Amino acid sequence: MAQEEQTAAPAPVSEPATAPVATPAPVAASEATVAANAAPVVIKYTVRIDAPGDLKELLEDNLDLQRFRDSPRMTREQLFRLVRAAPEQIRTLVSTSGYYTPEVSVTFDRNATPAVVDVKVVPGEPVRVGETDLVLEGFAPNPEQPADKQFDANALKASWPLKKGTVFRQDEWEGAKRAILRQVVQTRYPRAQLTDSRATVDPEAHTANLRVVLDSGPEMRFGELRIEGLKRYPDTVVRNLNAIKPGDYYSEAALQAYQSKLQDTGYFASVEVSADLSAVLDQQLATAEGEPGAPATTAASMEPLPLLVRVTENKRKNVSAGVGISTNTGNRASVTYDDLQVFGLRMKSALTLETKKQTAKADLYFPITPEGYNHSIGVTYERSDIAGEVTAVSSIAGKRAWGTPLLERSFTLELLSETKSVGALPKVTSKSLPLTYAVTWRRLDNLLLPTKGYAINAQIGGAVLPVLTDEKFVRGYLRGVYYKPFGASSNIILRAEAGALGSGSKNGVPSVFLFRAGGDQSVRGYAYQELGVKEGDATIGGRYLATASAEYQYWFKPTWGAAVFYDAGNAGDRVKDLHPKSGYGVGARWKSPVGPLNVDVAYGHAVQKYRLHFSLGFTF
């Protein structure tokens, strides 16, 4: 990328007046000569910097006097050279923060033990941004496109971050140029470049006039899809996920989205999605060399960029095992087996053994359709013993899912058979064929470690036909979480959930569709699903659910924090039975690479006990 940078004054400017280097104990020339002929003497010294906060930090990090003060080879002569060079270096450093006429004083006291170098900087008035001349070359309107599809050059100019009157800082100047170039190369002009950039500084007027010339280069469009690296799996695995059509404008965001979708399939160990620029380079070289019949490389005549997908396939089969512990369901051991080619489908299976729950499941995933639908079928067996209720559920399910991480939707049709026992009561068996629609909205600043925004999950469904169903029912569930920053190093998290079941009788409705509360992600201070309808010494699910939580987090380090919280909620068979049970406590937080790690100590007010809770990740 061709770029030229010049910093000049409109008229010759003399060096800013600064205080001379002062030495309370001057070194005579004869003494300096003797010192030079004698064996070098290592000297220790300290540096004291008197400057405004941001400049003090800048000098402490970059001033040679400060950086070399602990050198074991520092001699008196080397120190004298550093002291003499310090004023000019200081002026250069503080100019990067917009101060071009500072008053600088460097004083060396060699009689102190250890010797002391005092640095004082009065920055003076900063240089501020004056006029900005942002020149856009190229970017010609395309007559083949409607007005709303044209590149918005005015919006690009309006996005220039260095506004008139702001303090001119070198790092912000460099960042502004990179940012505006990045905006362009990520869109339809990947060959754009800065052909000129300069900041003309007038120290006497305390202004910096800026000039940036940005050349668009040719306008690029995507061409046909090319795939490299496929051996075992069908090309539909790649093609069906491609939302980029031939003729679409080049977009780096579209390439990244496509690459992310392919990585999420599980078929590939590595994925690279790019536009093949070699075709453009060949065309430009042919034009430059004047080859007969070579087309002109104008925006209108550039060949489309082939969309190139390079993949490295994952091995077909994979087995893994793990152990862990959950404060909800106890000790855990698990084994997973994945096979990427079972009847042409991807299979994922797992056996998980926990203290309170044991699960075996296998799912088959079809390749995503060109319309973006992800179909799967699966079988599951789960046995649980929670709060005195023992259930064993077998299910066969079919699911259609679609959408994006910001808006996910799905339909699930299940056939369930459940055997349930509570205490000494006889076992009860029920079956059901429910259909459930679920939707999740996410508006978060970070999907892995959110600090601002909200997420909502809503479900509606039930078994409304007397087909393979012992008891007809309709069920609704809603859950939400809201993040709000509270100052520079703290935030507030609000959670709430509600659920309701409509049926003639609870008997015959599988327990998984009833409601209980308590545990790490519900009301802390209580055991997992401890809150619900009492039946003898056991707790069973109810028709209604309501919980809420408020949490304040303070981050004393970028990745480490502490929290205080208050939770309340309950489940019951009648709305008036939802007497809230409260829990409150304190916790530690760590922003791990895989999501937030939470360790809480909560006191359950209703049971008058303390309980430890541990959770990892963001549950939406």
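Trainee: Which side chain of opposite charge is nearest to Glu471, and how far away is it?

Mentor: That is Arg543, 6.9 Å away; Glu471 is buried yet has no salt bridge. A salt bridge here needs a side-chain nitrogen of Lys or Arg within 4 Å of a carboxyl oxygen of Asp or Glu. For charge, Lys and Arg count as positive and Asp and Glu as negative, while His and the chain ends are not counted. Buried means under 20% relative accessible area, exposed means over 50%, and partly exposed is in between (1.4 Å probe, protein chains only).

Trainee: Before we go on, what kind of model is this?

Mentor: It is a predicted model: local features need pLDDT of at least 70, side-chain atom pairs count only at pLDDT 80 or more, and totals for chains, interfaces and linings use all residues. Residues are numbered from 1 along each chain as its sequence is written, and side-chain values use heavy atoms, with hydrogens and water left out.

Trainee: Back to Glu471, then. Where does it lie?

Mentor: Glu471 is in the loop between strand 20 (453-463) and strand 21 (473-485). Helices (H or I, at least four residues) and strands (E, at least two) are DSSP runs, numbered from the N terminus.

Trainee: Which backbone nitrogens lie 3.3 Å from a polar atom of the Glu471 side chain?

Mentor: One is the backbone nitrogen of Gly504, at 3.3 Å, and another is that of Ser505, also at 3.3 Å. A polar contact is a pair of N or O atoms within 3.5 Å; within protein, one must be able to donate a hydrogen and the other to accept it, and residues adjacent in sequence count only if both atoms are side-chain atoms.

Trainee: What about Gly462, buried or exposed?

Mentor: Gly462 is buried, with a relative accessible area of 10%. Its place is in strand 20. Gly462 and Lys472 are 10 residues apart in sequence, and their C-alpha atoms are 7.5 Å apart in space.

Trainee: Changing topic: how many salt bridges does the structure hold?

Mentor: There are 28. As background, side chains of opposite charge can pair when their charged atoms come close.

Trainee: Which residue does Glu174 pair with in a salt bridge?

Mentor: Glu174 pairs with Lys177, and their closest N and O atoms are 3.4 Å apart. The two are three residues apart in helix 6 (residues 170-185), so about one helical turn separates them. Glu174 is partly exposed at 24% relative accessibility, whereas Lys177 is buried at 2%.

Trainee: And what does Arg310 meet in a salt bridge?

Mentor: Arg310 meets Glu228, with 3.1 Å from N to O. Arg310 is in strand 10 (residues 305-313) and Glu228 in strand 8 (residues 222-228), so the pair ties together parts that are 82 residues apart in sequence. Arg310 is partly exposed at 35% relative accessibility, and Glu228 is partly exposed with a relative accessible area of 37%.

Trainee: How far apart are the closest N and O atoms in the salt bridge of Asp339 and Arg316?

Mentor: They are 2.8 Å apart. Asp339 lies in strand 12 (residues 330-342) and Arg316 in the loop between strand 10 and strand 11 (317-326), so this pair ties together parts 23 residues apart in sequence. Asp339 is buried at 4% relative accessibility, while Arg316 is partly exposed with a relative accessible area of 36%.

Trainee: Which residues are joined into one network by salt bridges that share partners?

Mentor: Arg495, Arg524, Glu551, Asp567, Arg589 and Asp600. Arg524 also has a polar contact of 3.3 Å with Ser549, side chain to side chain. Ser549 is found in strand 25 (residues 544-555) and is buried, with a relative accessible area of 7%.

Trainee: Now the backbone. Which two residues does a cis peptide bond join?

Mentor: Thr113 and Pro114, with omega about -5°. Pro114 sits in the loop between strand 3 (103-109) and strand 4 (115-122). In general, most residues other than glycine have a negative phi, and most peptide bonds are trans.

Trainee: What is the phi of Phe139?

Mentor: Phe139 has a positive phi of about 55°, although it is not a glycine. Phe139 lies in the loop between strand 5 (128-137) and helix 5 (153-158), and it is buried, with a relative accessible area of 11%. Ala387 likewise has a positive phi of about 55°, and its place is in the loop between strand 15 (374-386) and strand 16 (389-404).
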